[in-house]
Structure formats: structure tokens, C-alpha cells
Amino acid sequence: PKAYVKVTSTQLPPLRVGEGEGVNNGGRKYLFDLNGYLVIRNVFSEAQIDAANAAIDAHLDALHERTGKLKLHNAYGVRSSALAGSKGRFDMGGMLAWPRPHCDVFRSVLTHPELVPFYHTLVGRGYRLDHLPFLLRMVEGSEGHAFHGGAVVGGEPAWPLQYQCEHGQIRCSLLAVALQLSDTKAGDGGFCIIPGSHKANYNCPPGLLAYEEHQEHVVQPELHKGDVLLFTEAATHGTLPWTSPTERRTAIYRFSPAIQAYGRSYLEGMAELDGLSSAEAAVLQPPFHSRLDRAVLDEQGEVLEGAREEFKKDFDRKVFGKNYF
């Protein structure tokens, strides 16, 4: 593991938001702000994808099909015949805890040098893993997922999912990152999204949530093995039934800013994994501000730890009996 570089919180080098290598190539930041999603091509090599799929094949007994009340085409109160299927979706978790080398590719998503600048730009320095990642597997006939997320839910702003862009800086309260382990061609089904819906001011119409009306506003992007799909959970999105004889595999992660949490897996030992690098451990920290001794990554993925001044911690111990109030 890399050693921490200790610097005081007031000395953390400034982050040049959106200027990491690749973030603005081809107007990527503009396109994410416009659409609420972005596909980064060829982040992982064919050999890495083969290794990840081999690891999944070694743990197929951990797959669980969604049946009965767990079916997704009618989730969140939506009633959809258009998204129904003859089979459920299959889910698998635990990849970060698999023994090496099976965990390697899945852990690398946390700190991949091509992805860190995007995490900084879209979530902020000190970004943290908010949900435990899991594999989504669909086979021919697997149902879709009712559309969900969105900037407005039930007539109220969806604050936990909110998307903001202020003074040229983007903040996603919850950023989804999906590693593509199989190809998705046009018409196959799988992930779909309503571009621009992360800026909507009204509820999504029920017929659109069910994919029974206004389908022309829905995009199902073509994806290839090794691509990484980024999208804000503030965008209304879902899954179309899977029609291809080749199964769909994607591993999905969700990241939040340093001071925010949607999930609560950090309360249940999320960071208690063997063999974590210092960078990986930094991404698995619970939510708190970087000025309070939070380890953060710089643009190159090197670990910096902001050191709260000892005289402040000494005073906090006198007043509160703890290092931090």
C-alpha cells in the first residue's frame, strides 16, 4: 500500500475541477451536464474483462434471481406490461471481498486512474463508495426495471439524488458507475435513460415510467465490454427487457460526496476487507469532511490525508472527550 502524505487541511492542493486528463475530451463534461449520463469507452482491456467474467463464473452459486415481490417491472408502484419478462433479473454481491485475483478488477473501479478525474469532477474530492457494488445479470427473457430516480419524485424535489452545476462545478449527490462486462447492441434492452431528466421540474408521467408512452424520449445506449457508463441518479432511468441470446453482465457502483450518505453499508463493516490499498481504503471511509483527517486522492490517485491541527484536537478532547466534535 502507498504511504499517506500528511498535509494540513488548509494546505490541500487546489483541485482543478474538470481539468483531469480525459474529462473534457470531446466536450464530455458538457455532454454529461446536458444528458445526465456519459459512456467512457475502453476503460478496461479485453484481458481484464475476461478475468472479471472468469471470477463471476467461479461464484455463480452467489447469483439470486428476483422473483415474486422482488420483480422489478412493477417496482416503485409502477404497473408495466411493456417491461414484463418471463424471467427475473439475477443479482450477485460480494465481489470486493472475493480472494485475489477474483476481486482485482472489481476493486480497481474504486481508484482507476482513468476514472478518478471523473469522480472528482462529478462527485468531488474525497468521493466515497456509497452502496456496495453488485452484478446485474440478465438472460434472454429477463424482465426490465420500472423507470425510477429523477429530479422530482412524488411532486417533491428528490434531495438525496440531486444534481447541481454551480459556477462551472458539477455535484452529483449519487453517481452510478457501471462497468460493462458484456456487449449491448441497439435493441438488446438493458440500461435506458431519459436524457436531461436530471433537470426536470415536474413528475415523470406514469406512462413513461412504465415505458408505455413517450418512448421516443428514451435512449438505450450501445455499450461494449470494457466501457464504463456514468449517470446521475437524478436522471430518470430504468431497464428494458433483455432480448439477446447472449447474457448481459454489468457491475454497478454508486459514489457520493465526502460528506453525504444515501446507503448505510458503511455502518456494517464495508471497509473491513483484507488487502486494501491505502487508496481503496480512502474510498471506503464513512462520510465526513476532508478537513477532519480524511484521506483523499489527488488527480493521479495518490493518497493525501488532511491533518487537523493537534491543538484543535487537544481542545476537542478537553471539551468533548473525543478527537472530533
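## One turn along helix α7

Let's start in helix α7, which covers residues 310-320. Arg 317 and Asp 314 sit 3 residues apart there, so about one helical turn separates them. In this predicted model, the two form a salt bridge, and their closest N and O atoms are 2.2 Å apart. How buried or exposed are they? Arg 317 is partly exposed, with a relative accessible area of 32%, and Asp 314 is also partly exposed, at 36%.

This pair has company. Salt bridges with shared partners tie Asp 293, Glu 310, Lys 313, Asp 314 and Arg 317 together into one network.

## Two more salt bridges

How many salt bridges does the structure hold? The count is 17. One of them joins Arg 137 to Glu 247, with 3.0 Å between the closest N and O atoms. This one links distant parts of the chain, as the two residues are 110 residues apart. Arg 137 belongs to strand β5 (residues 128-138), while Glu 247 lies in the loop between β14 (237-240) and β15 (248-256). Arg 137 is buried, with a relative accessible area of 16%, whereas Glu 247 is partly exposed at 22%. The cut-off explains the two labels: buried means under 20%, so 16% falls inside it and 22% does not.

Another salt bridge brings together the side chains of Asp 316 and Arg 308, at 3.3 Å from N to O. Here Asp 316 is buried, with a relative accessible area of 5%, and Arg 308 is buried too, at 7%.

## An open sheet of strands

Now for the strands. An open sheet is built from 7 of them, and reading across gives the order β2-β13-β11-β15-β5-β4-β3. The pairing is antiparallel. In general, strands of a sheet pair through backbone hydrogen bonds, either parallel or antiparallel.

Which strands stand at the edges? They are β2 (37-40) and β3 (64-65). Each has a single partner strand, so one side of each is left without a neighbour in the sheet. For β2, strand β13 (residues 228-232) runs antiparallel to it, and 4 bridges join the two. If you want to find one of these contacts in the structure, look at Tyr 37: its bridge partner in β13 is Phe 231.

## Helices on the sheet

Helix α1 (residues 28-35) lies across β2, β11 (175-180) and β13. Its direction is at about 140° to β2.

Helix α2 (residues 46-57) packs on the sheet as well. The strands that α2 touches are β4 (90-93), β5, β11 and β15, and its direction makes about 100° with that of β15. Strand β5 is a name you have met already, as the home of Arg 137.

## Empty space inside

Rolling a probe the size of a water molecule over the atoms shows where empty space is left. What does a search of the whole structure find? It turns up 2 cavities of 30 Å³ or more, and the largest has a volume of about 40 Å³.

Which residues line the largest cavity? Among them are His 120, Gly 126, Tyr 127, Gln 285 and Arg 294. The lining also includes Ala 282, Val 283, Ala 295, Val 296 and Leu 297. Helix α6 (278-283) and strand β16 (295-297) each supply at least two residues of this lining, and β16 gives the most, with 3 residues.

Terms used:
Residues numbered from 1 in each chain as written. Predicted model: local features only at pLDDT ≥ 70, side-chain atom pairs only at ≥ 80, totals over all residues. Heavy atoms only, no water. Salt bridge = Lys/Arg side-chain N within 4 Å of Asp/Glu carboxyl O. Buried < 20%, exposed > 50% of the residue type's maximum accessible area, 1.4 Å probe, protein only. Pairing = 2+ DSSP bridges. Contact = heavy atoms within 4.5 Å. Axes fitted to C-alpha atoms, helices over the stretch in contact; angles between N-to-C directions. 1 Å grid on protein atoms, 1.4 Å probe; cavity = no way out; pocket = protein on both sides within 12 Å on 5 of 7 lines; lining within 4 Å. Points joined across faces, edges and corners; volume = space filled by probe spheres on them.
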